[in-house]
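Hi,

Here's the structure I said I'd send over. Have a look first, and then my notes are underneath.

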Amino acid sequence: MKRYWGFRIDTSARQREFLAEELEKGNLRQGWGYEECQNLNNPNVEGSARRNLSIKKNVKKGDILLVPDIKGYGTVAIVEAAEDFDSGYRFDRNNDFGDFGHVFPVKKCENWFVRNNALVSGDLRSSLRTPMRFWNMDHCAENIEELRNQKTDENLRKFNYVERIDAAISSVIGVHKESFVHDLFENFNEKFSESDWEFVLTECLQRIYPNYIVERCGGVSEKNHGADILVKIPSPLDDSMYAVAIQVKDYEGKSSSYPVEQINKSDAYADWHSENLRLIEKWVVLTKASKENNSELAEKARESNVKILFADDLKELLYKSMMATREK
């Protein structure tokens, strides 16, 4: 059974550089090994070095060790034991420091992360603050495996507190999006019907596109242009605007071609084909109808350059509106 361990090192600058270089060679070194009497293979190992016996006895081939700060402050290297430490351990003080004699065999470090990465859980972040030189981290196994499987570039991306809050919210929304969107759509259908949807869509589109002008245009003039909502998009070059005309129908089941015929009236509506306003798109929104039941209508719409938003498209629009509101 694979186990997970924390392994703390000396974090002084020169020592850390040496320890990082050794790690790349497959040598995970630990301090408190500056005298021959501290060799862990010695049955009478002396003093503070005895505390390293638990490392030698407990780590088995394939276990995962997290090594804080070896690649810089706030970083954590993820390494895998190449052998059982009990048999693979050796004692070697042949270095500029005459210390760090305890050498444990590991595979070359393939991944590491920063502590304030969004994927690092609160439990893992808390465990990494443990002051001990060696401790068990089995309770963080799932999160550690997620970090091992995520690309190093992503693991090294630092997140501030606001980004971490947003990431936590987004991860929950992502997991539950399908049920959330379904419930949101059902709730809207319970509270709104028929002409109410004109108000709903006007509000939703304005939230998604705050720099556009979204206005209801139904009423008496609708018989001339066939639209319930007009979206005006500022031109990037002058004071003129582009327009999207939208017809909204609270239909379900199979629909006739009437909504398409109605929105097509906007092609001949002079006010939307002027020097200051030019119609560029026509939409029909069917709040409850599905695309599967309306293949003939979809074909009719394509022939007239009309875009149709069916119920599933409306669900996504409502979701985008909700997310836009959250991001403000």
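Which residues touch the most other members of the largest nonpolar core? Before the reply, one caveat: this is a predicted model. Of the 28 residues in that core, the ones with the most fellow members in touch are Phe7, Leu28 and Leu65. Two or more residues each come from β1 (4-7), α1 (13-24), α2 (53-58), β3 (64-68) and β4 (75-80), with α1 giving the largest share, four residues. That fits the usual picture, as nonpolar side chains in soluble globular proteins tend to be buried together.

If you want one residue to click on, try Phe7. Leaving out residues up to four places away in sequence, Phe7 touches Leu28, Arg29, Gln30, Ile55, Leu65, Leu66, Val67, Pro68, Phe104, Arg133, Phe134 and Trp135. There's also another core lying apart from the largest one, with 23 residues, including Cys204, Val231, Ile233 and Leu317.

Now the sheet. Five strands make up an open sheet with mixed pairing, and the order is β7-β4-β3-β1-β8. At the edges sit β7 (111-114) and β8 (134-136), each of which pairs on one side only. On average, neighbouring strands here are turned by 25° against each other, direction ignored. Inside the sheet, β3 and β4 run antiparallel to each other and pair over five bridges; Pro68, for instance, has Val76 in β4 as its bridge partner. Helix α5 (residues 141-149) packs on this sheet and touches β1, β3, β4 and β7. The direction of α5 makes about 80° with that of β3.

On to the cysteines. How many disulfides are there? The count comes to zero, taking a disulfide as a pair of cysteine sulfurs within 2.5 Å. Cys204 is in none, and the nearest cysteine sulfur, that of Cys217, is 17 Å away. Is Cys204 buried or exposed? Cys204 is buried, because its relative accessible area is 5% and the cut-off is under 20%. Cys37, on the other hand, has 29% relative accessibility, so it counts as partly exposed.

Last stop is Ser195, which you'll find in the loop between α7 (161-191) and α8 (196-208). Its relative accessibility is 39%, so Ser195 counts as partly exposed. Try the distance to Asn95 as well: the two are 100 residues apart along the chain, and their C-alpha atoms are separated by 81 Å.

Shout if anything looks odd on your side.

Cheers

Notes
Residues numbered from 1 in each chain as written. Predicted model: local features only at pLDDT ≥ 70, side-chain atom pairs only at ≥ 80, totals over all residues. Heavy atoms only, no water. Core = buried A, V, L, I, M, F, W, Y, C linked by side-chain atoms within 4.5 Å. Buried < 20%, exposed > 50% of the residue type's maximum accessible area, 1.4 Å probe, protein only. Contact = heavy atoms within 4.5 Å. Pairing = 2+ DSSP bridges. Axes fitted to C-alpha atoms, helices over the stretch in contact; angles between N-to-C directions.
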